[in-house]
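Reader: I'm new to reading protein models and I'd like to look closely at one part of this one. Could you pick up a strand pairing and walk me through it, then show me how the rest fits around it?

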Amino acid sequence: MKRWPTKLLTEVASVIRGVSFDKSQVSDEPRKNSVPVLRAGNIQESLLTDSDLVYVSDEQVSEEQRMRRGDLAICMSSGSPAIVGKTAHLTSDWHGSVGAFCAIVRFTEDCNHRFGSYWFRSPAFLQWRDNNAKGANIQNLRRTELETLSIPVPPLAEQERIVKLLDEAD
């Protein structure tokens, strides 16, 4: 089995906190100058960007918190152990963000975002998640622990070859 060098997640990606808001600052319907916000339930096999959204004022969402194509949404906190750590990546342009119980993983040019997305569904990540999700009633992944997660980083050409094989298998 081939062994690739590993790097800390922070060496190949940024982990960006979701948008915090209270009930008085949110709407179930879009308003002028509002931004849609994904919740944990929107993270399925793909991101559900057109249903079960909440909307916050444009001013509450920093430029960094606005999702970009290739970003990975991850559930950081949930009452369900099966949902915490669940991920899906944004495959198209979309004007929105994630809520406070989620985070965005934004890969650098050193890590193909599709490779990173597949890795976050691997047995190695799921084992890490199961070992690191903490909490009696609510399971949480800590951002600092996620940032220090070691991930394999093969050369970009190898990442692209792996993505192609996995896409064909899907």
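Author: Start with Pro36 in strand E4, which sits opposite Tyr55 in E5. One thing to keep in mind as we go: this is a predicted model. E4 covers residues 34-38, and it pairs with E5 in the antiparallel sense over four bridges. Another of the facing pairs is Val37 with Val54, its bridge partner in E5.

Now look at how covered this strand is. Five of the five residues of E4 are buried. Ser34, Pro36 and Leu38 point one way from E4, while Val35 and Val37 point the other way, and all of them are buried.

E4 has a second partner too. Two bridges join E4 to E9, and these two strands run parallel. Here Leu38 is the residue to find, since its bridge partner in E9 is Val98. As a bit of background, strands of a sheet pair through backbone hydrogen bonds, either parallel or antiparallel.

Go back to Tyr55 and look across to Ser27, which stands opposite Tyr55 in E5. That belongs to the pairing of strand E3 (residues 26-27) with E5 (residues 54-57), which is antiparallel and has two bridges. Put these pieces together and you get an open sheet of four strands, in the order E3-E5-E4-E9, with mixed pairing. E3 and E9 (97-98) are at the edges with a single partner strand each, so one side of each has no neighbour in the sheet.

Tyr55 turns up once more, this time in a core. Let's take the other core before that one. The largest nonpolar core has 26 residues, and those touching the most other members are Leu9, Ile74, Phe107, Phe120, Phe125 and Leu146. Several elements supply at least two residues each to this core: helix H1 (9-12), strand E2 (13-17), strand E6 (72-75), strand E10 (102-107), H2, helix H3 (123-132) and H5. Try clicking on Phe120: leaving aside neighbours within four places in sequence, Phe120 is in contact with Leu9, Leu72, Ile74, Thr87, Phe107, Phe125 and Leu146. Separate from this is a second core of 16 residues, and Tyr55 is in it, along with Ile16, Leu53 and Met67. The general idea is that in soluble globular proteins, nonpolar side chains tend to be buried together.

H5 was one of the suppliers of the largest core, and it's worth a look of its own. This helix (residues 156-169) has 14 residues and reaches 20 Å from its first C-alpha to its last, close to the 20 Å expected at 1.5 Å a residue. Its buried residues are Glu158, Gln159, Ile162 and Val163. They cover an arc of only 140 degrees around the axis, which puts them on the same side of H5. What do they pack against? The buried residues of H5 pack against helix H2 (113-119). Turn to the other side of H5 and you'll find Ala157, Lys164 and Glu168 exposed.

Finally, zoom out to the whole chain. Its secondary structure comes to five helices and 12 strands. Of the 170 residues, 46% count as buried. Among the contacts with a separation of 6 or more, 75% come from residues 24 or more positions apart. The C-alpha atoms fill a box of roughly 55 × 35 × 30 Å, taken along the principal axes. A compact globule with 170 residues would have a radius of gyration near 15 Å, and the 16 Å of this chain agrees with that.

Conventions:
Residues numbered from 1 in each chain as written. Predicted model: local features only at pLDDT ≥ 70, side-chain atom pairs only at ≥ 80, totals over all residues. Heavy atoms only, no water. Expected span 1.5 Å × (residues − 1). Buried < 20%, exposed > 50% of the residue type's maximum accessible area, 1.4 Å probe, protein only. Arc of directions from axis to C-beta. Contact = heavy atoms within 4.5 Å. Core = buried A, V, L, I, M, F, W, Y, C linked by side-chain atoms within 4.5 Å. Pairing = 2+ DSSP bridges. Rg over C-alpha atoms; globule rule 2.2 N^0.38 Å.
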